[in-house]
Amino acid sequence: MKTIADKVRDIVRKIPKGKTMTYKEVATRAGNPKAARAVGAVMRSNYDPSIPCHRVIASDGSMRGYNRGGIERKHEILFDEGVR
DNA sequence: TAGTTGACCGGAA
DNA sequence: ATTCCGGCCAACT
């Protein structure tokens with residue numbers, strides 16, 4: 001059965017390079033506009049280098065965390081991809 | 001099954 | 001602009 005986590009993973013994996021998506025957007029795509037929180041929880045629990053979770057940021061454009069190097073790493077990656 | 005936690009969001013002070 | 005509060009959802013114990 002496809003859980004929200006699976007959908008989220010699929011969606012995040014489809015995020016094009018140089019582009020960023022908010023948790024709310026991902027949640028909406030997953031089918032639950034209010035599941036932004038759950039999205040973050042799932043991402044944190046799910047370690048997967050195939051998933052560019054660094055392209056997922058807060059609705060305000062700020063970043064919250066990164067289980068793969070920390071905020072600095074995330075900021076660096078986004079900056080390197082051309083995201084401001 | 002129920003309770004707790006958290007990479008969230010939006011509004012109010 | 002910053003800080004606080006309540007609400008929603010999924011995963012974990």
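Okay, let's start with the pocket: helix H3 gives the most to the lining of the largest pocket, with six residues. Before I go on, keep in mind that this is a predicted model. The elements that put two or more residues into that lining are H2 and H3. As for volume, the largest pocket holds about 350 Å³ of space. There are 17 lining residues, and the closest to the pocket centre are Tyr23, Gly40, Ala41, Met43 and Arg64. If you sort the lining by type, you get eight nonpolar, four polar and five charged residues.

Now the DNA, strand B to begin with. Which residues are closest to DNA strand B? Out of 15 residues that surround the strand, they are Tyr23, Lys24, Arg37, Ser59 and Arg64. You'll have heard Tyr23 and Arg64 a moment ago, among the residues closest to the centre of the largest pocket. On the DNA side, sugar and phosphate make up 57% of the strand B atoms that come within 4 Å of the protein.

Let me go through some individual distances for strand B. Ser59 uses its backbone here: one of its polar backbone atoms is 2.7 Å from a phosphate oxygen of DNA strand B. Arg64 also goes to a phosphate oxygen of that strand, with a polar side-chain atom at 3.3 Å. Asn67 goes to a base instead, where an N or O atom of its side chain sits 3.1 Å from a base nitrogen of DNA strand B. In terms of elements, helix H2, residues 23-30, and helix H3, residues 36-45, each give two or more residues to the surface near strand B. H3 gives the most there, seven residues. By type, that surface splits into seven nonpolar, four polar and four charged.

A quick word on Ser59, if you want to find it on the screen. Look in the loop between strand S2, residues 56-57, and H4. Ser59 counts as exposed because its relative accessibility is 61%, and the cut-off for exposed is over 50%. Its C-alpha is 21 Å from that of Asn46, with the two positions 13 residues apart along the chain.

On to strand C. Who is around DNA strand C? The list is Thr3, Ile4, Ala5, Asn32, Lys34, Ala35, Arg37, Ala38 and Val42. Sugar and phosphate account for 58% of the strand C atoms within 4 Å of the protein.

Again, some distances. Thr3 has a side-chain N or O atom 3.4 Å from a phosphate oxygen of DNA strand C. For Asn32, a polar side-chain atom is 3.2 Å from a phosphate oxygen of the strand. Arg37 goes to a base: a polar atom of its side chain lies 2.8 Å from a base nitrogen of DNA strand C. Arg37 also came up earlier, among the closest residues to strand B. The elements with two or more residues on the strand C surface are helix H1, residues 4-13, and H3. H3 has the largest share, three residues. That surface divides into five nonpolar, two polar and two charged residues.

One of the strand C neighbours is Ala38, which lies in helix H3. Is Ala38 buried, exposed or partly exposed? Partly exposed, because its relative accessibility comes out at 35%. Eleven residues away along the chain there is Ala27, and the two C-alpha atoms are 8.1 Å apart.

Next, helix H4, residues 71-81. The buried residues there are Lys74, Ile77, Leu78 and Glu81. Why do these four end up on the same side of H4? Because they cover an arc of only 95° around the axis. Over on the other side of H4, Glu72, Phe79 and Asp80 are exposed.

Last stop, His54. You'll find His54 in the loop between H3 and S2. With 10% relative accessibility, His54 counts as buried, since the cut-off for buried is under 20%. The His54 side chain makes a polar contact of 3.4 Å with the side chain of Tyr66.

So, to wrap up on H3: this helix gives the most to the pocket lining, the most to the surface near strand B, and the largest share of the surface near strand C. Okay, over to you.

Key
Residues are numbered from 1 along each chain as its sequence is written. Chains are lettered from A and ligands numbered from 1 in the order in which they are written. This is a predicted model: local features need pLDDT of at least 70, side-chain atom pairs count only at pLDDT 80 or more; totals for chains, interfaces and linings use all residues. Side-chain values use heavy atoms; hydrogens and water are left out. A residue is near a molecule or strand if one of its heavy atoms lies within 4 Å of it. A polar contact is a pair of N or O atoms within 3.5 Å; within protein, one must be able to donate a hydrogen and the other to accept it, and residues adjacent in sequence count only if both atoms are side-chain atoms. Ala, Val, Leu, Ile, Met, Phe, Trp, Tyr, Cys and Pro count as nonpolar, Asp, Glu, Lys and Arg as charged, and the others, Gly among them, as polar. On a 1 Å grid over the protein atoms alone, a cavity is a set of points where a 1.4 Å probe fits but cannot get out, and a pocket is an open set with protein on both sides within 12 Å along at least five of seven lines; lining residues have an atom within 4 Å of a point. Grid points are joined across faces, edges and corners, and a volume is the space filled by probe spheres set on the points. Buried means under 20% relative accessible area, exposed over 50%, partly exposed in between (1.4 Å probe, protein chains only). The arc is that of the directions from the helix axis to the C-beta atoms.
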